[in-house]
Amino acid sequence: MKRLKPFLYVPIDNVVLRNVRSCGVRVRPRAINQIATEQEWRDLQKVLTDAAKMAGVPRVLFDDVWSEN
């Protein structure tokens with residue numbers, strides 16, 4: 001699991017969006033149902049990647065399931 005974490009995308013849901021906002025990162029869209037295109041998904045993954053780098057953790061840790069491992 002430790003070797004995989006840096007390569008995993010975040011499975012985006014409203015929990016993930018809430019977790020990243022709680023770190024002080026402005027996230028658009030504000031809800032999962034507002035992601036309409038693949039490019040919006042990729043842009044959001046980039047924001048999550050950058051936020052995770054600032055925190056010194058893999059981006060997948062914004063997901064509650066992975067943060068416990």
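**Exercise 1. Describe the surroundings of W41, starting from its contacts.**

Leaving aside neighbours within four places in sequence, W41 is in contact with Y9, I12 and I35, where contact means heavy atoms within 4.5 Å. This is a predicted model, in which local features need pLDDT of at least 70 and side-chain atom pairs count only at pLDDT 80 or more, while totals for chains, interfaces and linings use all residues. Residues are numbered from 1 along each chain as its sequence is written, and side-chain values use heavy atoms, with hydrogens and water left out.

Next, place the residue: W41 belongs to helix α2, residues 38-55 (helices are DSSP runs of H or I with at least four residues, numbered from the N terminus). For one of its contacts, I12, the C-alpha atom is separated from that of W41 by 8.6 Å, although the two residues are 29 apart along the chain. Finally, W41 counts as partly exposed because its relative accessibility is 28% (buried means under 20% relative accessible area, exposed over 50%, and partly exposed in between, with a 1.4 Å probe and protein chains only).

**Exercise 2. Find the aromatic pair and state its geometry.**

The structure holds one aromatic pair. The ring centres of Y9 and W41 lie 5.2 Å apart and their planes stand at 50°, so the pair is tilted (rings of Phe, Tyr and Trp, the last by its six-membered ring, pair if their centres lie within 6.5 Å; planes under 30 degrees apart count as stacked, over 60 as edge-to-face and the rest as tilted). Because Y9 lies in the segment before α1 (14-22) and W41 in helix α2, the pair ties together parts that are 32 residues apart in sequence.

Turning to Y9 itself, R59 lies over its face, at 4.5 Å from the ring centre (a charge sits over a ring if NZ of Lys or CZ of Arg is within 6 Å of the ring centre and within 35 degrees of the ring normal). Y9 is partly exposed, because its relative accessibility is 45%.

**Exercise 3. Locate the salt bridges and compare the exposure of E38 and R42.**

The structure holds two salt bridges (a side-chain nitrogen of Lys or Arg within 4 Å of a carboxyl oxygen of Asp or Glu). In one, the side chains of E38 and R42 meet at 2.7 Å, N to O; both residues lie in helix α2, four residues apart, about one turn of the helix. E38 counts as exposed because its relative accessibility is 51%, whereas R42, at 41%, is partly exposed.

D50 and K46 also meet in a salt bridge, at 2.8 Å, N to O.

Conventions:
Helix = DSSP H or I, 4+ residues; strand = E, 2+ residues; numbered from the N terminus.
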